[in-house]
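I opened a fresh notebook page today and settled in to look around a protein. Come along and read over my shoulder.

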Amino acid sequence: MPEHAVSTRRSFIGWLSAGAALPVLAACGSAPAEARNFPVKLSDAQWRKRLTKQEYYILREAGTERPYSSPLDKEKRKGTFICAGCNNRLYSSATKYDSRTGWPSFWKPIAGAIATDTDYKLGYPRTEVLCADCGGHLGHVFDDGPKPTGKRYCMNGAAMDFIAA
């Protein structure tokens, strides 16, 4: 095969690969929670002052805690799980269940408590769960939960606090 043909084929394959990768690469840098319009707005300095390092990492940088590290995973009392950033009521203990994943899991949020977005941080789309009031990252929702919703809201315990009834 002539050298020009090999070079042309390599260029074509390179451009084709770059075009296929572009949507994934563009989605990886999803906008931070502050870019959306949420009622509770604080500066980065104010968030850092208000939150612990772990809360900041999860809520403001979309981090994830280690599985089985949160005491809220084993919380069984009646009460309400609230956002650690702004105290928004997120989940009732009546909708909590043991998903055996190591993170607090719920089958339904309190009406109007959350917002969702799509993140591609692992290279494929997942539904990210955000606090509807401050936009803090809480975790993700999956379609492998129990009835009646079939949803598993897999939350970071450090993103929440618990208020016993």
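Before I start, one term: I call two residues in contact when they have heavy atoms within 4.5 Å. I also remind myself that this is a predicted model.

**Entry 1: Q54**

I began with Q54, which sits in helix α3. Setting aside its neighbours within four places in sequence, I found Q54 in contact with E65 and A158. I then looked up A159, which is 105 residues away from Q54 in sequence, yet the two C-alpha atoms are 8.5 Å apart in space. Is Q54 buried, partly exposed or exposed? Its relative accessible area is 42%, and partly exposed covers the range between 20% and 50%, so Q54 counts as partly exposed.

**Entry 2: E65**

Q54 led me to E65, one of its contacts. E65 belongs to the loop between α3 and β1. Its relative accessibility is 4%. Buried means under 20%, so E65 is buried.

Which residues does E65 touch, leaving aside its neighbours within four places in sequence? I listed Q54, I58, S70, W103, P104, M155, N156, G157 and A158. With G157 I noted an extra detail: the side chain of E65 reaches the backbone nitrogen of G157 at 2.6 Å. I also checked G139, which is 74 residues from E65 in sequence and 9.8 Å from it in space, C-alpha to C-alpha.

**Entry 3: S70**

Next I followed E65 to S70, another name on that contact list. S70 is in the loop between α3 (53-59) and β1 (79-83). Its relative accessible area is 8%, so I wrote it down as buried. Beyond four places in sequence, S70 is in contact with E65, G157 and A158. What does the side chain of S70 have 3.0 Å from one of its polar atoms? I found the backbone nitrogen of L72 there.

**Entry 4: S105**

I moved on to a serine in a strand: S105 is in β4 (residues 105-106). Its relative accessibility is 0%, so S105 counts as buried. Apart from its neighbours within four places, S105 is in contact with seven residues that I copied out: T95, K96, Y97, S99, R152, Y153 and C154. With S99 there is also a polar contact of 2.7 Å, side chain to side chain.

**Entry 5: the largest pocket**

Then I looked for pockets. The largest one has a volume of about 200 Å³. Its lining has 15 residues, and T64, R126, H137, H140 and N156 lie nearest the centre. Two elements give two or more residues to this lining, β7 (137-142) and β8 (152-155). Which element gives the most? I found that β7 does, with 4 residues. Sorted by class, the lining has 6 nonpolar, 6 polar and 3 charged residues.

**Entry 6: the whole chain**

Last, I stepped back. The protein chain has 3 helices and 9 strands, and along the sequence the pattern reads α-α-α-β-β-β-β-β-β-β-β-β. Of its 165 residues, 41% are buried. The chain exposes about 9800 Å², with carbon and sulfur atoms supplying 57% of that area. How much of the contact between residues at least 6 apart in sequence joins residues at least 24 apart? My page says 56%.

Technical notes: Residues are numbered from 1 along each chain as its sequence is written. This is a predicted model: local features need pLDDT of at least 70, side-chain atom pairs count only at pLDDT 80 or more; totals for chains, interfaces and linings use all residues. Side-chain values use heavy atoms; hydrogens and water are left out. Buried means under 20% relative accessible area, exposed over 50%, partly exposed in between (1.4 Å probe, protein chains only). A polar contact is a pair of N or O atoms within 3.5 Å; within protein, one must be able to donate a hydrogen and the other to accept it, and residues adjacent in sequence count only if both atoms are side-chain atoms. Accessible areas come from the Shrake-Rupley method with a 1.4 Å probe; for residues, only the protein chains shown count as cover. On a 1 Å grid over the protein atoms alone, a cavity is a set of points where a 1.4 Å probe fits but cannot get out, and a pocket is an open set with protein on both sides within 12 Å along at least five of seven lines; lining residues have an atom within 4 Å of a point. Grid points are joined across faces, edges and corners, and a volume is the space filled by probe spheres set on the points. Ala, Val, Leu, Ile, Met, Phe, Trp, Tyr, Cys and Pro count as nonpolar, Asp, Glu, Lys and Arg as charged, and the others, Gly among them, as polar.
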